[in-house]
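This report introduces one protein chain to a reader who has not met it before. The overall arrangement comes first, followed by the helices and one loop residue.

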Amino acid sequence: VASLATSVRIERWGRNRSSTDAPDVAGVRWFGRPVLEAGPPAQETPFDVDVIVRALARAGVRAIASDDAGGFVCNDLYYRLLAAGAAAVFVHVPPDAHTDSALGPALADALGALPPVRASRR
């Protein structure tokens, strides 16, 4: 859940850095640190984010393509999945998404109708 989001955000990239200065639960600050020391600067989802956004829009769900998966936890997870070669797409949902009964089925339909995974540009 993206607490400030007003629409569903389909994330295009995981970045190899933390961009938040907020401490984690252990009090460690990760700002500027890489997710993976030897990793490339960014990893792109192998899915066509624009296709997903258009499919959600056709189903009446407000969605946008996003190039920022967040400052720490979400981005860290996304980057690691993509770096490991997972065919993954990260979806941020607004806090009120649980009240949108169209979101779940629309997202399932959008992801289920995707063309075959394209080669990732790493």
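Helices, of at least four residues, and strands, of at least two, are DSSP runs numbered from the N terminus. By this reckoning, the predicted model contains 3 helices and 5 strands in its protein chain. Their order along the sequence is β-β-β-α-β-α-β-α.

**Overall form**

The C-alpha trace of the protein chain spans about 40 × 35 × 15 Å along its principal axes. A compact globule of 122 residues would have a radius of gyration near 14 Å, and the 15 Å of the protein chain agrees with this. Of the 122 residues, 35% are buried. Among contacts between residues at least 6 apart in sequence, 77% join residues at least 24 apart.

The accessible surface of the protein chain amounts to about 6,900 Å², and carbon and sulfur atoms account for 58% of that area. The chain carries 13 positive and 13 negative side chains, and the centres of these two sets are 4 Å apart.

**Two helices and their buried faces**

The table sets out the buried residues of two helices and the arcs they cover.

| Helix | Buried residues | Arc |
|---|---|---|
| α1 (residues 49–58) | V49, I52, V53, A55 and L56 | 165° |
| α2 (residues 73–83) | N75, Y78, Y79 and L82 | 100° |

An α-helix has 3.6 residues a turn, so residues three or four places apart point the same way. In α1, the buried residues V49, I52, V53, A55 and L56 fall within an arc of 165° seen down the axis, so they line one face of the helix. These buried residues of α1 pack against β1 (8–11), β4 (63–66) and α3 (103–112).

In α2, the buried residues are N75, Y78, Y79 and L82. Their arc around the axis is only 100°, which puts them on the same side of α2. The partners against which the buried residues of α2 pack are β1, β2, β3 and β5 (90–92). Just after α2, G85 takes a positive phi of about 90°.

**A proline in a loop**

P40 lies in the loop between β2 (13–15) and β3 (42–44). Is P40 buried or exposed? Its relative accessible area is 31%; since buried means under 20% and exposed over 50%, P40 counts as partly exposed. Leaving aside residues up to four places away in sequence, P40 touches N16 and Y79. P40 and N16 are 24 residues apart in sequence, with a C-alpha to C-alpha distance of 6.8 Å. Y79, the other residue touched by P40, is one of the buried residues of α2.

Methods:
Residues numbered from 1 in each chain as written. Predicted model: local features only at pLDDT ≥ 70, side-chain atom pairs only at ≥ 80, totals over all residues. Heavy atoms only, no water. Rg over C-alpha atoms; globule rule 2.2 N^0.38 Å. Buried < 20%, exposed > 50% of the residue type's maximum accessible area, 1.4 Å probe, protein only. Contact = heavy atoms within 4.5 Å. Areas by Shrake-Rupley, 256 points an atom, 1.4 Å probe, with all protein chains shown as cover. Lys, Arg positive; Asp, Glu negative; His and termini not counted. Charge placed at Lys NZ, Arg CZ, Asp CG, Glu CD. Arc of directions from axis to C-beta.
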